[in-house]
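Here's a quick briefing to read alongside the model. Keep the viewer open and click through the residues as they come up.

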Amino acid sequence: MMAAITAAECGARVTLYEKNPILGKRLLMLETEDFAYTHGGDVEQLVEGFSRGGEFLYPALIRFSNQAWIGYLEKLGLKSISVEDRFLPETGKPEDLVNLLSDELKKRGVEVKISTKTQDLLVSRKKIQGLVAHNLEAKYDRVILTTGGLARPKTGSTGDGLSFAEKLRHNIIPTFPGLVPLKTLEKLGNELPGAVLKKVKLTLFVDKERQESVFGKVKFVSGAIAGPTILAMSGKVNRLLSESKSVEISLDLKPDTPREHLEEWFKAEAEKGLNVSVGDLLHTFIPGRMIPVVGRFSGARVYKGYFALSSLEKKALLIVVKDMRFNITGSGSYQDALVTSGGVDLSEVDIDTMESKLVKGLYFAGEILDIEGKTGAYNLQAAFSTARTAAEAAAKTTKRVVKKKATVKKTTTKKAKKATKKATA
Ligand SMILES: Cc1cc2nc3c(=O)[nH]c(=O)nc-3n(C[C@H](O)[C@H](O)[C@H](O)COP(=O)(O)OP(=O)(O)OC[C@H]3O[C@@H](n4cnc5c(N)ncnc54)[C@H](O)[C@@H]3O)c2cc1C
């Protein structure tokens, strides 16, 4: 929608093809309380919000920044509010954004073809010629592919654009579900789903070797671990698993107490009260429903007092508190994923225009590209910034023709009209 509006703003004649019977289905399906359309950081922070493609996005994020996006929406009548570091409509409703963009499409004279699936692209001599939809060929000299990835196929994103690009010999970086819960070998039991660890240290181990450590929130869901930090790792973890690497995630449940001081802490706290169990002490830093799980992982009798534990139990307890290790076996599917990790190889896309380096007149924007942001409204900003960049570049020729038309209007209106290019998003 953004690509079509922008191209029309720039003076192009635009047709938008959408295979769903409605526009913006993905946005309309978003949970209202989680929805945000941009992150509030500066460009550097935005770039850092991407585990894949951040550097590539830099020019697009400068060209159409989060502030520009918020200002753009405000000009059209949609006020934003910030919640923590994200921006969303004042009303909190994703449909307000969809309605606003739909109105803008109408105002800008974009021809919208809903329930119209693009079946193929027409290319000749490495130049775009148009597309096929409803088994009919339609001629266009610019096409912007914004067909998304493979996440949440029910919203219409089933990888069609990736197939078109691959057919045109674009390299597709293998795709995996991204921003998705990770499944563990360890049985999490019935107690854990719903438990949240607000601030733990997570360390990734690949083939037993320690990799990066990050602080973050962890959420347990049925048979899997989630939460923003785990989700952000998921695309990378899926990639590692596909290479037959072993992946473990270690949780330090009490990151503010160094390992060498933990025993002292348990002793000092246990001495304060006669009837205090290990479970009570654990409950000062982990949710109650995790206590039996720590007991299971360590073999320590958590219902006993600390001094009643054997030295073996104490040792195992201290290890589990500082290094609760999960073997990762896989992730949720594309049905569960928020985004797609992987996509059109960025080295084959012009960073300043989003134009394909292999096919002239073909542009890419959004999730079809090999970009992957963390949760925090980075992904929609990337979609809007790349759409704006692609559409401005795609409409450039049209714009030149329109200007030319204006200056020669008196003498050669017909000729200029003929020269006006068509563009499609
Ligand atoms: C549950 C959920 C919550 C999310 N919340 C947020 C959030 O709060 N903030 C955020 O920044 N990001 C969020 N995301 C991610 C965000 O939705 C995506 O990054 C973004 O929608 C990608 O935009 P896109 O236009 O590239 O692709 P999509 O939104 O997937 O749109 C692609 C469109 O192309 C159409 N299409 C596909 N193939 C064809 C074809 N052959 N012919 C015609 N039309 C076709 C599809 O029907 C679809 O409408 C969330 C994702 C999910 C699943």
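What follows goes from the whole chain down to single residues.

This is a predicted model, so its local features were filtered by confidence, with pLDDT of at least 70 needed. The protein chain has 14 helices and 21 strands, and the domain assignment divides it into domain 1 (2-177 + 337-424) and domain 2 (182-331). There's also a ligand, with 29 residues around it.

**Overall build**

- Along its principal axes, the C-alpha trace of the protein chain spans about 100 × 45 × 35 Å.
- The protein chain has 425 residues, and 42% of them count as buried.
- Take the contacts in the protein chain between residues at least 6 apart in sequence: 71% of these join residues at least 24 apart.

**The two domains**

- Domain 1 is written as two stretches, 2-177 and 337-424, while domain 2 is given as 182-331.
- Measure from centre to centre over C-alpha atoms, and domain 1 and domain 2 are separated by 42 Å.
- How many residues of domain 1 are in contact with domain 2? There are 8, and they meet 8 residues of domain 2.
- On the domain 1 side of that contact, strand 3 (50-52) and strand 11 (172-178) are the elements giving two or more residues.
- By class, this side of domain 1 has 2 nonpolar, 3 polar and 3 charged residues.

**Around the ligand**

- Of the 29 residues around the ligand, the ones that come nearest are Gly148, Gly156, Gly366, Asn379 and Leu380.
- Two elements give two or more residues to this shell: helix 2 (25-28) and helix 13 (378-394).
- Which element supplies the largest share of the shell? That's helix 13, with 3 residues.
- Sorted by class, the shell around the ligand has 10 nonpolar, 10 polar and 9 charged residues.

**Helix 4 against helix 13**

- Helix 13 also pairs up with helix 4 (residues 54-63): their axes come within 8 Å and cross at roughly 80°.
- Angles of 65 to 115 degrees count as roughly perpendicular, so helix 4 is roughly perpendicular to helix 13.
- From helix 4, the contact uses Leu57, Ala60, Leu61 and Arg63; from helix 13, it uses Ala382, Ser385, Thr386, Arg388 and Thr389.
- The residues of this contact divide into 4 nonpolar, 3 polar and 2 charged.

**Leu145**

- Look for Leu145 in strand 10 (residues 143-145).
- Is Leu145 buried or exposed? Leu145 is buried, because 27 other C-beta atoms lie within 10 Å and 20 or more is enough to count as buried.
- Leaving out residues up to four places away in sequence, Leu145 touches Gly161, Phe164, Ala165, Leu362, Tyr363, Phe364 and Ile368.
- Leu121 is 24 residues from Leu145 in sequence, and the two are 9.9 Å apart in space, C-alpha to C-alpha.

**Leu338 and Leu179**

- Leu338 is in the loop between strand 17 (324-331) and strand 18 (339-344).
- With 18 other C-beta atoms within 10 Å, Leu338 is partly exposed.
- Not counting residues up to four places away in sequence, Leu338 touches Ala151, Gly178, Leu179 and Val180.
- Leu338 and Lys374 are 36 residues apart along the chain, and 9.8 Å separates their C-alpha atoms.
- Leu179, one of the residues that Leu338 touches, is in the loop between strand 11 and strand 12 (182-184).
- Leu179 has a positive phi of about 50° although it isn't a glycine, and it is buried, with 27 other C-beta atoms within 10 Å.

**Two more loop residues**

- Lys208 is in the loop between strand 13 (196-206) and strand 14 (209-221).
- Lys208 also has a positive phi, near 70°, in a residue other than glycine.
- Lys208 counts as exposed, because it has 7 C-beta neighbours inside 10 Å and 12 or fewer is the cut-off.
- Gly305 is found in the loop between helix 11 (291-298) and helix 12 (311-322).
- Gly305 is partly exposed, with 16 other C-beta atoms within 10 Å.
- Leaving aside neighbours within four places in sequence, Gly305 is in contact with Ala270, Val276 and Ser277.
- The C-alpha atoms of Gly305 and Met354 are separated by 63 Å, with their positions 49 residues apart along the chain.

Notes
Residues are numbered from 1 along each chain as its sequence is written. This is a predicted model: local features need pLDDT of at least 70, side-chain atom pairs count only at pLDDT 80 or more; totals for chains, interfaces and linings use all residues. Helices (H or I, at least four residues) and strands (E, at least two) are DSSP runs, numbered from the N terminus. Two residues are in contact if their C-beta atoms, placed from the backbone, lie within 7 Å. A residue is near a molecule or strand if its C-beta atom, placed from the backbone, lies within 6 Å of it. Ala, Val, Leu, Ile, Met, Phe, Trp, Tyr, Cys and Pro count as nonpolar, Asp, Glu, Lys and Arg as charged, and the others, Gly among them, as polar. Axes are lines fitted to C-alpha atoms, for helices over the stretch in contact, and angles run from 0 to 180 degrees between N-to-C directions. Angles under 35 degrees count as roughly parallel, over 145 as roughly antiparallel, 65 to 115 as roughly perpendicular and the rest as oblique. Domain bounds come from an automatic or database domain assignment.
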